[in-house]
Each structure stands twice: as structure tokens, then as C-alpha cells.
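Subject: Structure for you to look at

Hello,

I am passing on a structure that I would like you to look through at your own pace. Please open it first, and then read the notes that follow with the model beside you.

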Amino acid sequence: MEYEAVIGLETHVQLKTRSKMWCGCANAFGAPPNTNVCPVCLGLPGVLPVPNEEALRLTVLTGLLLHCEIPRRAKFDRKNYFYPDMPKNYQLSQYDQPSTLGGHLDFEFGGGIHRTRLTRAHLEEDVGKSTHFDRHSGVDFNRAGVPLLEIVSEPDLTSADMAYAYLNALKDVLVHGGISDCDMEKGMVRCDVNVSVRPRGSQELGAKIEIKNMNSFSGVRRALEYEIPRQIQAVERGEKLIQSTRRWDDVAGITEEMRTKEDAHDYRYFPCPDLMPLEPSDDWLAAVRARMTELPLARKQRFMRDYQLPAGDAEVFKNDVPLGDYFEASAKHAPNPKAVANWIINNLQARLSEANERLAAEQAAMGLEAGEVKSLTLPGLKFPPEALTELVALVDAGKISSKIAQDVFAEMFDSGERPGAIVERKGLLQVSDTGALEQFCDQAIAANPGPAADFKAGKTAALNFLKGQVMKLSRGKANPALVGEILEHKLKA
Ligand SMILES: [Zn+2]
């Protein structure tokens with residue numbers, strides 16, 4: 001029998017705020033343990049939480065970007081449990097009235113667009129971090145109270161690779177939207193997975209098994225690559241799987257049972273009496289709506305549609321937003337947007353990284369630390385996007401050859417002078433005047449009787465050699481198409 005997996009994901013991301021969720025402590029990674037703490041995030045008696053408004057805005061912004069419904073009333077609840085990294089003995093979360101409901105995420109998978117429905121995205125707080133040493137354990141509360149968004153998907157995913165694609169697309173939206181940096185190295189993203197298996201085509205859901213403790217997308221993929229065959233083999237052996245929670249061991253590459261349904265936690269959720277319900281006003285919602293950005297996938301599709309770019313080029317501009325913006329500013333008025341994309345992807349990026357390598361070497365020679373002097377980025381370019389439009393138009397109109405255009409581009413990059421001005425100053429206009437070209441062709445034929453005879457004898461490749469000689473004589477300015485025609489005409493005469 002063939003089996004299929006049914007997968008849902010719960011993705012926790014730290015929001016990009018300057019301070020924590022309920023106090024003024026910094027939301028910052030890497031400080032010495034227990035230095036970004038105060039009585040509120042340490043859960044000392046008698047303190048009251050004050051909601052971080054930016055975290056509320058980022059939550060609703062996420063909801064808008066993911067096509068969720070934004071309820072006009074939401075609230076915070078206490079999720080009660082004991083753990084050493086949580087001094088209050090409850091975590092503030094949104095239980096039955098979250099800030100966003102429903103929604104979906106579209107992403108590219110298997111050559112098409114896959115839509116995964118979302119259940120909700122709700123706001124909660126992070127807890128501290130335990131570290132176990134040889135003879136003792138320590139808790140760092142710097143992370144306690146950092147705003148955490150939990151994005152819950154419906155069980156619409158059917159493979160480890162599809163889950164991986166979903167997570168990357170979700171990350172794209174969150175990073176582009178300015179909601180989270182999603183830096184996995186810094187623990188900003190953590191995932192729980194719900195997975196079951198069933199005979200392909202069956203509508204019934206198998207026993208749901210939750211896998212916890214994954215802090216990378218590749219970890220999620222590996223855990224699923226382990227867990228799905230494990231479940232299928234168990235079912236095939238005739239075992240009855242029961243609802244349970246498992247832990248992913250990233251080093252061993254296996255999942256292990258933590259607890260079964262029988263001892264599942266009862267969190268005794270109840271509304272937090274210290275916090276008012278959230279009732280966003282029309283003006284407040286409008287201000288959040290104004291911060292919406294184009295979704296990465298929509299941007300890629302628009303670049304392919306509006307500028308006839310191949311998927312690969314559009315993908316580059318989707319992933320690098322400033323580069324895509326630069327492309328668009330230049331391509332909008334260009335006769336040939338694909339040529340603009342080529343200049344940016346093939347030439348501009350290479351020049352930028354060359355310039356930055358040079359800068360880094362100079363800085364090292366001066367004894368400066370890396371990063372002390374800023375590297376060259378798009379805003380630091382000496383020429384505006386319109387200059388690139390101008391260059392492409394010069395090539396397109398046959399005024400300069402593409403070879404000359406390379407030299408003009410190098411000069412633009414170094415001096416910032418406009419391409420039209422460079423061409424004029426250096427006399428680089430392509431020679432399309434047949435009289436002048438005929439002279440060059442006569443010279444080339446006279447100086448190279450061998451290849452000329454070869455061509456007459458039927459070796460058509462000899463024409464390219466003669467064409468090259470004419471280009472040399474004209475110092476690259478001859479119009480190559482015209483040169484070809486004239487040479488052929490002369491040699492066949
Ligand atoms: Zn604090």
C-alpha cells in the first residue's frame with residue numbers, strides 16, 4: 001500500500017522590536033547572561049506588564065501579509081506550567097481570541113504554486129534559556145519576555161521537501177516585511193511539527209505525532225525524513241500509533257518519544273487579569289496596513305510578467321530587494337529590460353564585489369578591523385539607475401557596440417560620468433557610415449590575403465577572422481553587422 005504524510009507546522013519567530021514584550025529591556029542577542037533583565041521579565045511579585053505596541057503592530061502586519069482575518073477583539077491568556085526558564089510560572093499567550101485568524105501562504109514547489117492554509121498567527125512571549133554545565137545548570141533570562149509570534153499552519157503539507165519550501169517562503173515574507181530577522185543561528189526561529197501518515201487517498205487522519213525542538217529548517221526536513229518512514233514502517237508492522245510528542249535529536253538524527261497523550265499537559269488557560277483586551281481602531285489598522293510590502297513571490301511573478309524576465313533573473317531580484325529596486329528604477333524606461341537585468345546581474349554585481357574586495361584589502365593594509373569602513377553598496381554607486389537605462393538605449397539603438405559598452409560601463413562605475421557624455425568625449429560612437437567601413441574592410445582584405453582566399457574557397461569561418469581585423473582597425477567602433485555584410489559582398493564580388 002502507498003502512504004502519504006499529513007504535516008502541519010507551528011513556527012515561532014522572534015519579532016524585530018527594540019524592547020521586550022512587557023518591559024523596556026532590550027530585545028538583543030548576545031549580551032552577557034542576565035544583563036537584559038528587570039523585575040517584570042524576571043517575574044518578581046507586584047509588577048505589571050505594559051504591552052509593546054510595535055509587537056502588536058508587527059503581529060497584525062504579519063496577518064495582513066498572510067491574508068488573515070484581523071478580529072476586532074483579541075486578548076492575552078496565561079498558559080500555566082512550571083519550568084526553570086520561566087520565572088512567572090505562566091507564559092502570556094493568545095488562546096481563544098488571537099490577533100489574527102485564517103489566511104494562507106502561497107509558495108513555489110515542484111514546478112507550481114502550492115497554497116498552504118493557515119490556522120492563525122498569535123502573539124506570545126519567549127522564555128529564558130537553560131544551559132547545562134558539568135556539575136550545575138544555569139538560566140539566562142535575557143530572552144525571557146521577548147515577543148514571539150507563533151504561526152500555525154493547517155495540515156496541508158505532504159512531504160519533508162514541501163515543509164522545507166513552506167518554511168523558506170514564510171521566512172522570505174517575514175524578513176522582507178521587516179517582521180523578524182529570522183536568524184536561525186541566533187535562535188530567532190523554532191519549529192514544532194505535527195505529522196501523521198495514512199493510506200494515500202484516505203480522508204481519515206492518522207494519530208497525530210508532534211515533534212519538538214527544531215531550530216533550523218534543515219532540522220525540520222531531516223526530522224520529517226526520519227519520522228515519516230518510521231511511522232509507515234510501524235503501521236505496516238501492524239502497530240497502532242498513538243498521539244504523542246517526540247523530541248528531535250539533531251546530532252543522532254532521530255526522534256524519541258517524550259510523552260503520550262495520557263500525560264499531555266493541562267495548561268489551565270485563563271485571561272490575564274493584568275491586560276486589557278485588544279480592540280484595534282480603524283486608524284490604527286490603517287496605519288499598519290500602510291506598512292504592507294509586496295510579497296516576495298508576487299514580486300518575482302510581477303518581474304517575470306512586466307519585464308519579461310526569465311525565472312532565474314526574477315529570483316535574484318526577489319531575494320535581493322535593493323538590487324531588485326535598482327533594476328526596476330532602471331528598467332521602467334528602458335527599451336530592453338532584459339538587457340538591464342543582464343548588466344546588473346553580470347556586470348554590476350561583479351564590479352561591486354571587486355570594489356569591495358579591494359576596499360577590504362586596503363583596509364587590512366591600513367590595519368583597520370573588518371567592517372570599520374563601510375563596504376560599497378548600491379546607494380554608494382556613483383551613477384543612478386537612469387544612467388544604466390541610457391547605456392542600454394545606446395546599445396539598443398546601435399550607437400555603440402556591446403564591446404564598447406563594456407568599457408563605457410567600467411568608466412561609469414569608476415567616475416559616475418553619464419554614458420552619453422563618455423561616448424561623446426572619447427568619440428566611441430559606432431561607425432555605421434558605409435564609406436568609412438568599406439575602407440576598413442579593404443584594408444583588412446589586403447593585409448590578410450590568406451583568409452580572404454579561404455573564404456572564397458568556401459571556408460565561411462574565415463569571415464569571422466576578417467571581421468575581427470576590421471573591428472581592430474576601427475578600435476571596436478565598427479558596426480559588426482554592417483562589417484559582415486560589406487566583407488561578404490566584397491569577397492563574393
Ligand atoms: Zn525586563
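How far apart do the C-alpha centres of domain 1 and domain 2 lie? The C-alpha centres of these two domains are 44 Å apart. Please keep in mind as you read that this is a predicted model. The protein is divided into domain 1, which covers residues 3-288, domain 2, which covers 332-426, and domain 3, which covers 434-492.

I will begin with domain 3 and helix α13, which is made of residues 449-456 and has P451, A452 and F455 as its buried residues. These three cover an arc of only 105 degrees around the axis, which puts them on the same side of α13. In general, an α-helix has 3.6 residues a turn, so residues three or four places apart point the same way. On the other side of α13 you will find P449, G450, A453 and K456, which are exposed. What do the buried residues of α13 pack against? Their partners are α12 (434-447), α14 (462-473) and α15 (480-492). Just after α13 comes G458, which takes a positive phi of about 105 degrees.

Two of those partners, α12 and α15, also pack with each other, at an angle of about 55 degrees and with their axes 10 Å apart. An angle between 35 and 65 degrees counts as oblique, and α12 and α15 are therefore oblique to each other. Their crossing is right-handed. If you wish to find the place where they meet, look for T434, L437, E438, C441 and I445 in α12, which meet L482, V483, I486, L487 and K490 in α15.

Domain 2 offers another helix pair. Helix α9 (residues 385-396) and helix α10 (residues 402-415) pack at an angle of about 165 degrees, and their axes are 10 Å apart. Angles over 145 degrees count as roughly antiparallel, and this description therefore applies to α9 and α10. The crossing in which α9 passes α10 is right-handed. On the α9 side the residues involved are A387, L391, L394 and V395, and they meet S402, A405, V408, F409 and M412 in α10.

In domain 1, I would point you to F107, which is found in strand β5 (residues 104-109). Is F107 buried or partly exposed? With 19 other C-beta atoms within 10 Å, F107 is partly exposed, since a residue needs 20 or more to count as buried. Leaving aside residues up to four places away in sequence, F107 touches H114, A165, Y166, A169 and L297. F107 and D266, by comparison, are 159 residues apart in sequence and 35 Å apart in space, taken from C-alpha to C-alpha.

Finally, there are two residues whose backbone deserves a look. Most residues other than glycine have a negative phi. H67, however, has a phi near 60 degrees, a positive value in a residue other than glycine, and H67 is found in the loop between α1 (53-65) and β2 (77-80). With 16 C-beta neighbours inside 10 Å, H67 counts as partly exposed. C182 likewise has a positive phi, near 50 degrees, and is found in the loop between α2 (160-176) and β10 (189-199). C182 is buried, with 21 other C-beta atoms within 10 Å.

With best wishes

How values were computed
Residues are numbered from 1 along each chain as its sequence is written. This is a predicted model: local features need pLDDT of at least 70, side-chain atom pairs count only at pLDDT 80 or more; totals for chains, interfaces and linings use all residues. Domain bounds come from an automatic or database domain assignment. A residue is buried if 20 or more other C-beta atoms lie within 10 Å of its own, exposed if 12 or fewer, and partly exposed in between; C-beta atoms are placed from the backbone. Helices (H or I, at least four residues) and strands (E, at least two) are DSSP runs, numbered from the N terminus. The arc is that of the directions from the helix axis to the C-beta atoms. Two residues are in contact if their C-beta atoms, placed from the backbone, lie within 7 Å. Axes are lines fitted to C-alpha atoms, for helices over the stretch in contact, and angles run from 0 to 180 degrees between N-to-C directions. Angles under 35 degrees count as roughly parallel, over 145 as roughly antiparallel, 65 to 115 as roughly perpendicular and the rest as oblique. A crossing is left-handed if the near helix is turned anticlockwise from the far one by less than a right angle, and right-handed if clockwise.
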